[in-house]
Each structure stands twice: as structure tokens, then as C-alpha cells.
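Subject: Handing over the structure

Hi,

Here is the structure I promised to pass on to you. Please have it open while you read, and I will walk you through what turned up in it.

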Amino acid sequence: MPARILSGTEIGQQIQAELRQEIETLKQAGVTPGLAAVLVGDNPASHIYVRNKIRACEALGLYSERLTPPASITTGELIAEIEALNRRPEIDAILVQLPLPKQVDAQRVLLAVDPAKDVDGFHPINVGALVANRPALRPCTPAGVMELLRRSGIPLEGQRAVIIGRSDIVGKPLALLLMHAHATVTVCHSRTRDLPGVARTADILVAAMGRAAFVTPEFVRPGATVIDVGINRLEDPAAAERLFARHPERLEEFRRKGSALVGDVHPDVADVAGALTPAPGGVGPLTIAMLMANTVQAARARRGQAVAARARVEAVR
Ligand code: NDP
């Protein structure tokens, strides 16, 4: 039986619909959550990511703005821009799009973001809160994976989860979130011995490695849930012919566009897995939805008192 498809697009829309109502309530109380995206230089992929994030803000009625310092900016100048955003009361969320140019010390820049406005959850204060399982802003992609699993009714407690990838942005924080949800978690990386064998022990297998179609059916225990975080651009026609041999519509699309976005999971895994996220249309939309959710959460945490006070005044009237 082919795998159940876990549509991130649908779940992302559900989350955004819930947020739209919450934002409306906040606006009635005089609070419009605001996000500032800092986009340094002219990396084309970063421009697309930031554009999509700003569009999502606009669609939900959030305030948003985009800062575009030149690629030649110094660490000190960028930190000064971030500090100016920290001081602005109407900005609840600050996003620094990565990667930053080589001459910029990314660690120092991320450290300069006010933890209360750190919508990506990368500041060490927020990382510490995640380790200790205390409330704080969580990194968007791992938070999106958890929402997708929860809303799809995939049990986590006592389940064996294997994550391939140990980055600070995806693998590591996701391991902590799954552990806090009482899964038994194994984290794999480029030095892991017998990767397919370890992956096959998983009830929930997460691929977050950035290697197109690397996870083939031999990595997957029949019936397992497979979450594909990877986003890779495929441009080699011969590789596309092989990969999409049994997926004529995707091959057709590749031929039309000359490239295709593919995940870390091979399309044939759909024959073995019990449930599978598509790529694209899986984890990506959830990342955006959680960015919006984090912006609202940050606004509530920073300006909740104002909202509560306004509600009390309304109640008395
Ligand atoms: P990184 O490059 O930071 O990390 C990749 C990880 O995968 C590393 O831990 C690396 O191991 C491991 N890895 C790489 N190759 C192998 C291999 N052959 N065998 C075993 N492990 C391997 O990537 P990110 O975590 O930032 O991103 C991962 C993927 O997810 C990318 O495709 C990225 O585009 C995508 N992504 C998608 C998002 C979304 O919204 N859907 C958001 C963020 C990322 P080691 O540590 O040993 O080097």
C-alpha cells in the first residue's frame, strides 16, 4: 500500500487560519505583531526565502519590513542595525537570514538579537531554554516538524525516532523536541556507521542532511513515518531521469523547467513508508507557518500586558 501523504501545505494553512483569528484579536486590542527580516547581500535563494516570509506576513495582516544591508557590511555595522531593531517597540520579531557574508561573524550577530525577539530561536538563551524544556521561542523548522507529526496523529511517546543530520538549525533542536515528547531519539551524521541499518530501526525517520534523494527504501522499515526536511535543487538531466523513472509527471516538470526541487528522500520510499511528507509541500510550508506563530507568540509575550489591560477596559465599558 502506498504511504499516506502528510501534506505540509494543508497543515500549514490550518495553522495560518488559526493565527489569522488570533492576530485579529490582538489588533482589536491595539497590537499588530511586527517582524523585521534582515537580508544581507544578494544570495538568490535567501531573497526567495525572505520574499516568501514577508508575503506570509502580509497575507496574515502582520506588520513586516525588510532591511537589505549591502554584502560589504561589517560585523559591527550589522550589530548596530540589530540593536536599533531591538530598541523599536513595534518590532516583536527579528529574523537574520542565513548565510551571512564571510567577513561577518554570524555567531556575534545572532547573539546581538534580543532573545525576546529571536523568532528563529537561535540565541543561546533560547537554545538553553529548549534544552531545559522551558517555554521560549523554538527554531521554526523543528517546531514545524513537531506540529506536522502532532496534527497528523503520529504517536511519539515511546517511539523510536532516528534523525539524519545534526545541525544547530534542524537536527539538534528536533532531537530535543522529540526527546521532550518522550520519543527515544538517535541522531546520525556523516560519521555514523551503517546508516541504513540505524535508519531502519526508526518508527519515525527524519532526513535533514541536504543530499538529494539519499534516503532510499533500504533505509526505511516498512510502515515507518518518514519526514523529509531536505530541499535540494536538481539540475542533472540524467539524475532526474533515474530519480523520476516511475514519476512521469515530475520528470515532465523537470524537462519543462530544467531543474527540480527534491528532498533528501528518494521518491520510491513511498512504496515502503507508512506515512511520508512530500518535498516540496512538506516541511517547507510548516517552517513559514511556525515563523508566523513565533512572531505572534513574541508579540503576546512582549505586549501581553497591554492586550490584557485593553481587554479589562473593554469589559468594564
Ligand atoms: P547542514 O549542512 O547544516 O547539516 C547537514 C547534516 O547532515 C550534518 O549534520 C551532516 O553531518 C549530515 N550529513 C550530510 N551528509 C551526510 C551523509 N552522507 N551521511 C550522514 N549524514 C550526513 O544542513 P541543515 O540542517 O541546515 O539543512 C539540511 C537540509 O534541510 C538541507 O537540504 C536544507 O536545505 C534543508 N532545510 C529545509 C528547511 C525547510 O524549511 N524545509 C529549513 C532548513 C533546512 P556532519 O555533521 O557530520 O557534517
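A polar contact here means a pair of N or O atoms within 3.5 Å of each other. With that in mind, one thing to know before we start: this is a predicted model.

**The ligand and its surroundings**

Let me begin with the ligand. Arginine 166 brings a polar side-chain atom to 2.7 Å from one of the ligand's oxygen atoms. Two other residues reach the ligand through their backbones. In isoleucine 231, a backbone N or O atom is 3.1 Å from an oxygen atom of the ligand, while in valine 229 a backbone N or O atom is 3.4 Å from a ligand nitrogen atom. The ligand on its own would expose 930 Å², and the protein buries 71% of that area.

Where does the ligand sit? Its place is the largest pocket. There, 21 residues surround it, and the closest are Arg166, Ser167, Ser190, Ile231 and Thr287. Sorted by class, this shell holds nine nonpolar, ten polar and two charged residues. Which helix gives the largest share of the shell? That is helix α11, residues 283–316, with three residues.

**Two buried residues to look at**

Helix α11 is also home to arginine 303. Is arginine 303 buried or exposed? Its relative accessibility is 17%, so arginine 303 counts as buried, the cut-off for buried being under 20%. A polar atom of the arginine 303 side chain lies 2.9 Å from the backbone oxygen of threonine 32.

Histidine 266 belongs to the loop that runs between β10 (260–262) and β11 (275–276). Despite that loop position, histidine 266 counts as buried because its relative accessibility is 14%. If you click on alanine 212, you will find its C-alpha 7.7 Å from that of histidine 266, with the two positions 54 residues apart in sequence.

**Cis peptide bonds**

Next, please look at two prolines. Leucine 98 and proline 99 are joined by a cis peptide bond, with omega about 0 degrees. Proline 99 is part of the loop between β4 (93–96) and α4 (106–112). Another cis peptide bond links alanine 279 to proline 280, again with omega about 0 degrees. Proline 280 can be found in the loop that connects β11 and α11.

**Positive phi angles**

Two residues that are not glycine have a positive phi. For asparagine 133, phi is near 60 degrees. This residue, asparagine 133, is located in the loop between α5 (124–131) and α6 (140–151). With a relative accessibility of 44%, asparagine 133 counts as partly exposed.

For histidine 182, phi is positive at about 75 degrees. You will see histidine 182 in the loop between α7 (171–180) and β6 (184–188). Why does histidine 182 count as exposed? The reason is its relative accessibility of 53%, since exposed means over 50%.

**Pairs along the chain and in space**

Finally, here are a few pairs of residues that may help you find your way around. Isoleucine 164 is in strand β5, residues 160–164, and is buried, with a relative accessible area of 2%. Cysteine 188 is 24 residues away from isoleucine 164 in sequence, yet their C-alpha atoms are 4.6 Å apart.

Lysine 27 is in helix α1, which covers residues 8–28. At 32% relative accessible area, lysine 27 is partly exposed. Between lysine 27 and glycine 61 the C-alpha to C-alpha distance is 9.2 Å, and the sequence separation is 34 residues.

Proline 124 is in helix α5 and is partly exposed too, with a relative accessible area of 47%. How far apart are the C-alpha atoms of proline 124 and arginine 200? They are separated by 33 Å, with the two residues 76 apart along the chain.

If you want a place to start, try the pocket that holds the ligand and arginine 166 beside it.

Best wishes

Conventions
Residues numbered from 1 in each chain as written. Predicted model: local features only at pLDDT ≥ 70, side-chain atom pairs only at ≥ 80, totals over all residues. Heavy atoms only, no water. Near = heavy atom within 4 Å. Polar contact = N/O pair within 3.5 Å; in protein donor to acceptor, adjacent residues only side chain to side chain. Areas by Shrake-Rupley, 256 points an atom, 1.4 Å probe, with all protein chains shown as cover. 1 Å grid on protein atoms, 1.4 Å probe; cavity = no way out; pocket = protein on both sides within 12 Å on 5 of 7 lines; lining within 4 Å. Sits in = over half its atoms within 2 Å of the grid points. Helix = DSSP H or I, 4+ residues; strand = E, 2+ residues; numbered from the N terminus. Nonpolar A, V, L, I, M, F, W, Y, C, P; charged D, E, K, R; others polar. Buried < 20%, exposed > 50% of the residue type's maximum accessible area, 1.4 Å probe, protein only.
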